[in-house]
Amino acid sequence: MATSAKKGELPRKEAIVLKGHEGSVLAVRFNGNGNYCLSCGKDRTVRLWNPHRGIHIKTYKSHGREVRDVHTSPDNSKLISCGGDRQVFYWDVESGRVIRKFRGHDSEVNSVKFNEFAWVVISAGYDQSVRAWDCRSHSTEPIQIIDTFTDSVMSVCLTKSEVIAGSVDGTVRTFDIRMGREMVDDLGHPVNCISMSNDGNCILASCLDSTLRLLDRSSGELLQEYKGHICKSFKMDCCLTNSDAHITGGSEDGSIYFWDLVDASVILKFRAHASVVTSVSYHPKDNCMLTSSVDGTVRMWKT
């Protein structure tokens, strides 16, 4: 883990405001190299931007209800999205065409991720399940269903051989696909988002008791807790900065927080939005980040 940076090295100056969504923006994600970003929201659209220049490139419309999550393939040629219409959409980025719709979830879908080769898509939903879909097959049936949760599954992360998911039942569950094993870490509070450290050693879980919890990925040991923000009723992202030196996340009062990874002190806090911060995405290399909000905007922050 990197040593702590000074407050001035963290992104806190508003550089760009991306406007175009009607209503809440529910997620924003940098693509793999950080040159572009995708946003999605209540207006049933996914939007592709060049956030560095403030340019809207394309809008993807096909969802019947709000879009809750979006993810781009490593080569940036495909994207996947999910939402309130219970479906997972697999898109061609350039043409804007829907290649396939994966159906099978019995309720809203909260989270989607590609695997490292973009052959498989993993989705998680309110139907208490995680499902895997094969992008290369013409079948729209899931190739695997994980349904050991006892409440809504809100968020998924992937490694080469594992699916990690956080649920409102208070657990973070790790499924080793090769070994067919499941490990359960019970945090005792509803989990609404998980993300992985860049070195792959830790899982960060956002819980609805206004606490972020850092877990050792191999042992499940609770390493640290981060507090100060408000997170009681919304799905809100959290992540580590690209150096793994800081934790960052939003708050229901529109603020962004940065915590020191090791001692959990609040290094920086500022008001970023007029309403709930739904999503944070840290640039893979540079000291900049994107935030999205119920206020309908996506904002880019720089040092």
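1. Two strands count as paired here if DSSP finds at least two bridges between them. With that in mind, and remembering that the model is predicted, one may start with strands β18 and β19, which form a hairpin with five residues between them, and in whose turn Gly-200 has a positive phi of about 80 degrees. The pairing of β18 (residues 191-196) with β19 is antiparallel and runs over five bridges, and within it Cys-193 stands opposite Ser-206 of β19.

2. On to the next hairpin, that of β19 and β20, which has three residues between its strands and in which Ser-210 takes a positive phi near 60 degrees. Here six bridges join β19 to β20 (residues 211-216), and the two strands run antiparallel; Ala-205 has Arg-213 in β20 as its bridge partner.

3. How many of the six residues of strand β19 are buried? Six of the six residues of β19 (residues 202-207) are buried, so this strand is largely enclosed by the rest of the structure. Both of its faces are covered, with Cys-202, Leu-204 and Ser-206 buried on one side and Ile-203, Ala-205 and Cys-207 buried on the other.

4. The cysteines deserve a separate comment, since a search of the whole structure finds zero disulfides. Cys-193 is in no disulfide, and the nearest cysteine sulfur, which belongs to Cys-238, is 4.1 Å away, whereas the cut-off for a disulfide is a pair of sulfur atoms within 2.5 Å. Cys-193 is nevertheless buried, at a relative accessible area of 2%. Cys-231 is likewise in no disulfide, the nearest cysteine sulfur being that of Cys-207 at 8.2 Å, and Cys-231 is buried with a relative accessible area of 0%.

5. Strand β24 (residues 255-260) can be described in similar terms: six of its six residues are buried, so β24 is largely enclosed by the rest of the structure. Ser-255, Tyr-257 and Trp-259 point one way from this strand, while Ile-256, Phe-258 and Asp-260 point the other way, and all of them are buried. The buried set on β24 therefore includes Asp-260 as well as the aromatic residues Tyr-257, Phe-258 and Trp-259.

6. What lies on either side of β24 in the pairing? Strand β23 (residues 246-250) pairs with β24 in the antiparallel sense over five bridges, and the bridge partner of Gly-250 in β24 is Ile-256. These two strands form a hairpin with four residues between them, where Gly-254 in the turn has a positive phi of about 90 degrees. Strand β25 (residues 266-271) also pairs with β24 in the antiparallel sense over five bridges, and Tyr-257 stands opposite Lys-269 in β25. The hairpin of β24 and β25 has five residues between its strands, and Ala-264 takes a positive phi near 65 degrees there.

7. A sheet that joins separate stretches of the chain should also be checked. Four strands form an open, antiparallel sheet in the order β1-β28-β27-β26, in which the edge strands, each pairing on one side only, are β1 (13-18) and β26 (277-282). Neighbouring strands of this sheet are turned against each other by 25 degrees on average, with direction ignored. Five bridges join β1 to the antiparallel strand β28 (residues 298-302), and Ile-16 stands opposite Met-300 of β28.

8. Aromatic contacts form another theme, and a search of the whole structure finds 10 aromatic pairs. One of them is the edge-to-face pair of Tyr-60 and Trp-91, at 5.5 Å centre to centre and with 75 degrees between the planes. Since Tyr-60 lies in strand β5 (residues 55-61) and Trp-91 in strand β8 (residues 87-92), the pair ties together parts that are 31 residues apart in sequence; both residues are buried. Elsewhere, Tyr-90, Phe-102, Phe-114 and Trp-133 form one aromatic cluster, and the charged end of Arg-173 sits over the ring of Phe-149, 5.2 Å from its centre.

9. As to the record, an unreviewed UniProt entry carries the annotation "repeat: WD" for residues 18-59, 60-101, 102-134 and 270-303. In the model, residues 60-101 are 0% helix and 57% strand, and their end C-alpha atoms are 14 Å apart. Residues 102-134 are 0% helix and 58% strand, with end C-alpha atoms 9 Å apart.

Key:
Residues are numbered from 1 along each chain as its sequence is written. This is a predicted model: local features need pLDDT of at least 70, side-chain atom pairs count only at pLDDT 80 or more; totals for chains, interfaces and linings use all residues. Side-chain values use heavy atoms; hydrogens and water are left out. Rings of Phe, Tyr and Trp (its six-membered ring) pair if their centres lie within 6.5 Å; planes under 30 degrees apart count as stacked, over 60 as edge-to-face and the rest as tilted. Buried means under 20% relative accessible area, exposed over 50%, partly exposed in between (1.4 Å probe, protein chains only). A charge sits over a ring if NZ of Lys or CZ of Arg is within 6 Å of the ring centre and within 35 degrees of the ring normal. UniProt positions are given in the numbering used here, feature names are shortened, and annotations may be inferred rather than shown by experiment. Axes are lines fitted to C-alpha atoms, for helices over the stretch in contact, and angles run from 0 to 180 degrees between N-to-C directions.
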